[in-house]
Each structure stands twice: as structure tokens, then as C-alpha cells.
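Open the model in your viewer and keep the sequence panel beside it. This tour goes stop by stop: select, look, move on.

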Amino acid sequence: MSQPRYSIWAPVGGNFGPLNTPDEPIDASYERTRSLVLEAERLGYVTTLVAQHLANPRSLDLEQLETWTACAALAEATESIEIIAAIKLLLFHPAVLAKMALGIDAISGGRFAINLISAWFRPEMEHTNIPFPPHDERYRYSGEWLQVFQVHQFQPKKKLTCNT
């Protein structure tokens with residue numbers, strides 16, 4: 001029987017406790033996220049999930065750390081924990097995202113993964129003027145998006161050299 005694998009959510013939207021504990025500040029900073037992910041890695045957690053939001057889902061007035069820059073920085077800061085970006089497909093062209101994902105995967109030494117989300121938080125999309133199609137349309141788009149993404153996960157077939 002295999003051992004359980006433990007994961008944490010990176011606190012890119014701040015910590016949940018302050019919503020019920022007013023004396024504790026809400027902190028969506030990279031410094032806090034990095035510190036907690038490094039501690040989780042030290043304790044043996046194997047993955048961290050980094051949520052993609054343009055606006056904080058608890059309140060549009062709260063801060064929200066940007067996912068892709070946070071993932072790239074965490075990839076450099078950590079040594080063993082897998083970094084999983086939970087991303088909304090409506091926010092990115094698949095070819096651009098494929099290139100970004102390959103870059104973060106290279107920085108992390110192969111510890112990067114993507115969790116695809118077909119969007120769920122309508123106020124976030126409306127707040128940013130991004131269309132929010134009906135449920136079935138979003139999932140149809142997700143299938144098409146994934147096909148394009150997979151085609152654009154290009155890796156050089158051979159090492160390029162320059163002869164002078």
C-alpha cells in the first residue's frame with residue numbers, strides 16, 4: 001500500500017483566519033506564500049496548489065497574488081515540492097500558456113503541473129470584462145483549448161548549436 005501524499009493550498013489570496021480573527025492581518029504577499037510553502041516542503045508536503053484568480057473570490061476588495069509569477073518564483077525557491085497552478089482557461093490563449101508552463105517546468109526541474117479550471121467565479125470574470133459563457137459552452141471550449149495547448153507544448157527535437 002502506498003503512503004498518503006499531502007498537499008497545501010498556497011495562500012495567494014491571503015490567509016483565511018483573519019476573516020474571523022480581526023487582529024490578524026490578511027496577507028496575500030509573495031513573502032508569506034513563499035515562507036509557508038518552504039515550511040510545507042520542509043515538513044514533507046509533496047505538492048502545493050496555487051489558485052488562479054484575477055480578483056479575490058472572498059471579496060473584490062482583497063488582494064490576490066498573481067499565479068504565474070508566484071509559480072515561477074516558487075519554482076526557483078523550492079527544491080522538491082511539486083507546484084500545481086490551478087488556472088482558468090478563459091484567461092489565457094493556450095499557445096501562450098503552454099510556453100509559460102514549459103518555462104516554469106524548466107525552472108522547477110520538472111516539478112510543475114497544471115490543474116485546468118473551466119471557470120466558476122462569475123463576479124471575477126464580470127469585474128474584468130471577460131465573457132462568462134454558459135456551463136456547457138465553457139466545457140466545450142475547455143476541450144478545444146486543451147487540444148491547442150497539447151499541440152503547442154513544443155520541445156526542441158535536438159539541441160541547437162552555433163558554429164563560428
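Angles between axes under 35 degrees count as roughly parallel, over 145 as roughly antiparallel, 65 to 115 as roughly perpendicular and the rest as oblique. The axes are lines fitted to C-alpha atoms, for helices over the stretch in contact, and angles run from 0 to 180 degrees between N-to-C directions. Helices (H or I, at least four residues) and strands (E, at least two) are DSSP runs, numbered from the N terminus.

Two notes before you click. The model is predicted: local features need pLDDT of at least 70, side-chain atom pairs count only at pLDDT 80 or more, and totals for chains, interfaces and linings use all residues. Residues are numbered from 1 along each chain as its sequence is written, and side-chain values use heavy atoms, with hydrogens and water left out.

**Stop 1: H1 and H2**

Select residues 30-43, helix H1, and residues 67-77, helix H2. Their axes lie 11 Å apart and make an angle of about 45°. H1 and H2 are therefore oblique to each other. Their crossing is right-handed; that is, the near helix is turned clockwise from the far one by less than a right angle.

Now show side chains. From H1, Tyr30, Thr33, Arg34, Val37 and Leu38 meet Ala70, Ala73, Leu74 and Ala77 of H2. Contact here means heavy atoms within 4.5 Å. By class, this contact has 7 nonpolar, 1 polar and 1 charged residues. Ala, Val, Leu, Ile, Met, Phe, Trp, Tyr, Cys and Pro count as nonpolar, Asp, Glu, Lys and Arg as charged, and the others, Gly among them, as polar.

**Stop 2: the sheet**

In what order do the 4 strands of the open sheet run? The order is E1-E2-E3-E4, with parallel pairing. Two strands pair if DSSP finds at least two bridges between them. Select 7-9 for E1 and 112-117 for E4: these are the edge strands, each pairing on one side only.

Go to E2, residues 47-51, which pairs with E1 over 3 bridges. Ser7 stands opposite Thr47, and Trp9 opposite Leu49. Towards E3, E2 has 5 bridges, again parallel. There, Leu49 has Ile84 as its bridge partner.

Is E2 mostly covered or mostly open? Mostly covered: 5 of its 5 residues are buried, meaning under 20% relative accessible area (exposed is over 50%, partly exposed in between; 1.4 Å probe, protein chains only). Thr47, Leu49 and Ala51 point one way, Thr48 and Val50 the other. In a regular strand the side chains alternate between the two faces of the sheet.

**Stop 3: helices on the sheet**

Bring H2 back. H2 lies across E2, E3 (82-88) and E4, at about 175° to E3. Then add H3, residues 94-108. H3 lies across E3 and E4, at about 145° to E4.

**Stop 4: Ile81**

Select Ile81, in the loop between H2 and E3. Ile81 counts as buried because its relative accessibility is 0%. Leaving out residues up to four places away in sequence, Ile81 touches Val37, Ala40, Glu41, Tyr45, Val46, Thr47, Thr48 and Arg111. Gly44 is 37 residues away along the chain, yet the two C-alpha atoms are separated by 8.3 Å.

**Stop 5: H3 and H5**

Finish with H3 and H5, residues 135-151. Their axes come within 8 Å and cross at roughly 50°. H3 and H5 are therefore oblique to each other, and the crossing is right-handed. Pro94, Leu97, Ala98 and Ala101 of H3 make the contact with Trp145, Val148 and Phe149 of H5. These residues divide into 7 nonpolar, no polar and no charged.
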